[in-house]
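Visitor: Please take me through one part of this model in close detail. I would like to look at the sheet and what surrounds it.

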Amino acid sequence: MSSITSINPYSSGSLYQSAGETLATQKSSGTQGNKNETAEASNDQDVTVSLSKAVAQARLRESMGLAPTGRLSLDDFKAAAEDREKTVADALARTMNSLGIDSGQKISLSLDSDNKLTISESFSGKSKLQNTLNEDEEFMAAFKQLSANQEVVSFTEKLSSGGTSMVDYMDDTQGWDGAMALANQYNQIKASGNSLSALLGASRSETPYTYVHLPEETGA
């Protein structure tokens, strides 16, 4: 079982700009000092701004299509995922049509470690489709929202399923070590300064999402 990280896996070119983000550089307007000091002062300098945990949490929730404040339920994540899935499906179909790709072609979409969209299947026009989707900011935002929400749903259901219950960890193979690992994973998420970000990290690690476009079935 992988360890928990409080780093949002989607924070690079992603759902939101992370707390502690580095802003665009600012130039110094000072005019005193020797030539070297003046040259150094005129160079671009990175400025770091730290957001409060509450603000960072609210921004992350909004970026996922969730209410920025208030209690969240599993149904909230499910509803957000369902909404984004329709957006992704419609946009994918339009793009495939515009590129002349057969609508009956199976296409599996997922995000790699750099949050770039990848297609599993090999077919004529794959590279063009993959590049076009990656360059479509609206599509990518919707797909990242879909992935984040669906991964949380899948991970939560995995933890609550019989296959990963405490009872199942009490066998001769894993014993108490497995049970404690599961408990520790839950505690790390709960104790995190940004529990939602930690949950995203665990969810993507444990239950990575793949969207699959399948040919429509036709009746006899």
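**The open sheet**

Guide: Start with one pair: Ser110 faces Thr118 of β4 across the sheet. This is a predicted model, where local features need pLDDT of at least 70, side-chain atom pairs count only at pLDDT 80 or more, and totals for chains, interfaces and linings use all residues. Residues are numbered from 1 along each chain as its sequence is written, and side-chain values use heavy atoms, with hydrogens and water left out.

Strand β3 covers residues 107-111 and is joined to β4 by three bridges, antiparallel. Strands here are DSSP runs of E, at least two residues long, and helices are runs of H or I, at least four, numbered from the N terminus. Two strands pair if DSSP finds at least two bridges between them.

Now the whole sheet. It is open, with three strands in the order β4-β3-β5 and antiparallel pairing. β4 (117-119) and β5 (211-213) each have a single partner strand, so one side of each lacks a neighbour in the sheet. From one strand to the next, the twist averages 25 degrees.

Next, the helix. α4 (residues 126-135) lies across β3 and β4 and runs at about 160 degrees to β4. Axes are lines fitted to C-alpha atoms, for helices over the stretch in contact; angles run from 0 to 180 degrees between N-to-C directions. Contact means heavy atoms within 4.5 Å.

Last, the setting. The protein chain has seven helices and five strands. Their order from the N terminus is β-α-β-α-α-β-β-α-α-α-α-β. Among its contacts between residues at least 6 apart in sequence, 67% join residues at least 24 apart.
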